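Student: Could you take me through a close look at one glycine position and the strands that follow on from there? I'd like one connected walk that I can trace on the screen.

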Amino acid sequence: QVQPVESGGGLVQAGGSLRLSCAASGRTFSSYAMGWFRQAPGKEREFVAAIMWSGGSTYYADSVKGRFTISRDNTKNTVYLQMNSLKPEDTAVYYCAAGYYSGSFHVLYWGKGTLVTVSS
């Protein structure tokens with residue numbers, strides 16, 4: 001079992017950068033694909049990015065491709081989301097998730113989320 005815990009959210013101006021971290025407890029962290037999702041006010045939760053257990057493959061939503069980078073450090077049981085060129089529409093609660101990827105990301109465990117606010 002894995003319990004993701006997000007950190008690094010906050011307020012940033014448009015065009016700025018922010019790095020989210022997700023520390024996951026559990027000995028089997030490296031067995032899971034890890035992903036980031038987000039939910040903006042009044043909208044459904046959406047996929048942002050995913051990284052396979054080895055870190056060899058990554059997947060991104062079209063809306064963040066070229067601006068966000070997902071990475072992981074299995075020695076630290078941590079996954080990161082580097083967010084650059086942030087836009088006001090990136091404002092959302094960002095959730096870390098552990099699961100597996102088979103055509104799409106299937107979530108097994110959710111974190112509680114961290115709020116990212118991008119001001120214009």
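Tutor: Happy to. In this predicted model, Gly66 counts as exposed because its relative accessible area is 80%, and the cut-off for exposed is over 50%. Gly66 sits in the loop between β6, residues 58-60, and β7. For a sense of distance, pick out Pro41: Gly66 and Pro41 are 25 residues apart along the chain, and their C-alpha atoms are separated by 24 Å.

Now follow the chain from that loop into β7, which covers residues 68-73. Strand β7 belongs to an open sheet of four strands, ordered β1-β3-β8-β7 and paired in the antiparallel sense. The edges of this sheet are β1 (3-7) and β7, and each has a single partner strand, so one side of each lacks a neighbour in the sheet. On average, neighbouring strands here are turned by 20° against each other, direction ignored. As a reminder, strands of a sheet pair through backbone hydrogen bonds, either parallel or antiparallel.

Let's cross the sheet from β1. Strands β1 and β3 pair over five bridges, antiparallel, and Val5 stands opposite Ala23 in β3. Strand β3, residues 18-25, is then joined to β8 by six bridges, again in the antiparallel sense. In that pairing, Leu20 stands opposite Leu81 of β8, while Ala23 has Thr78 of β8 as its bridge partner. Ala23 therefore makes a handy marker, with Val5 opposite and Thr78 as its bridge partner in β8.

Thr78 deserves a stop of its own. This threonine lies in strand β8, which spans residues 78-83. Thr78 counts as buried because its relative accessible area is 9%, where buried means under 20%. The side chain of Thr78 reaches the backbone oxygen of Lys76 at 2.8 Å. If you set aside neighbours within four places in sequence, the contacts of Thr78 are Ser21, Cys22, Ala23, Phe29, Arg72 and Asp73.

Just before Thr78 you'll find Asn77, in the loop between β7 and β8. At 21% relative accessibility, Asn77 is classed as partly exposed. Its backbone is worth a look too: Asn77 has a positive phi of about 50° although it is not a glycine. Most residues other than glycine have a negative phi. Beyond β8, the loop between β8 and β9 holds Ser85, another non-glycine residue with a positive phi of about 50°. Ser85 is partly exposed, at a relative accessible area of 41%.

That loop leads us on to β9, residues 92-101, which is mostly covered: seven of its ten residues are buried. Several strands pair with β9. Strand β4, residues 33-39, joins β9 through seven antiparallel bridges, and Met34 faces Ala98 of β9 in the pairing. Strand β10, residues 105-110, is joined to β9 by five bridges, also antiparallel, with Val107 in β10 as the bridge partner of Gly99. Together β9 and β10 make a hairpin with three residues between them, and Gly103 in the turn has a positive phi of about 80°. Strand β11, residues 114-119, pairs with β9 over three antiparallel bridges; there, Tyr94 stands opposite Thr114.

Finally, zoom out to the whole chain. The protein chain has eleven strands and zero helices. Its radius of gyration is 13 Å, close to the 14 Å that the globule rule gives for 120 residues, so the chain is as compact as a globular protein of that length. Along the principal axes, the C-alpha atoms fill a box of roughly 40 × 25 × 25 Å. Of the 120 residues, 42% count as buried, a group that includes Thr78. Among contacts between residues at least 6 apart in sequence, 55% join residues at least 24 apart. The chain exposes about 6200 Å², and carbon and sulfur atoms supply 48% of that area. To retrace the walk, start at exposed Gly66, cross to the edge strand β7, stop at buried Thr78, and finish along β9.

Definitions and conventions. Residues are numbered from 1 along each chain as its sequence is written. This is a predicted model: local features need pLDDT of at least 70, side-chain atom pairs count only at pLDDT 80 or more; totals for chains, interfaces and linings use all residues. Side-chain values use heavy atoms; hydrogens and water are left out. Helices (H or I, at least four residues) and strands (E, at least two) are DSSP runs, numbered from the N terminus. Buried means under 20% relative accessible area, exposed over 50%, partly exposed in between (1.4 Å probe, protein chains only). A polar contact is a pair of N or O atoms within 3.5 Å; within protein, one must be able to donate a hydrogen and the other to accept it, and residues adjacent in sequence count only if both atoms are side-chain atoms. Contact means heavy atoms within 4.5 Å. Two strands pair if DSSP finds at least two bridges between them. Axes are lines fitted to C-alpha atoms, for helices over the stretch in contact, and angles run from 0 to 180 degrees between N-to-C directions. The radius of gyration is taken over C-alpha atoms; the globule rule is 2.2 Å times the number of residues to the power 0.38. Accessible areas come from the Shrake-Rupley method with a 1.4 Å probe; for residues, only the protein chains shown count as cover.
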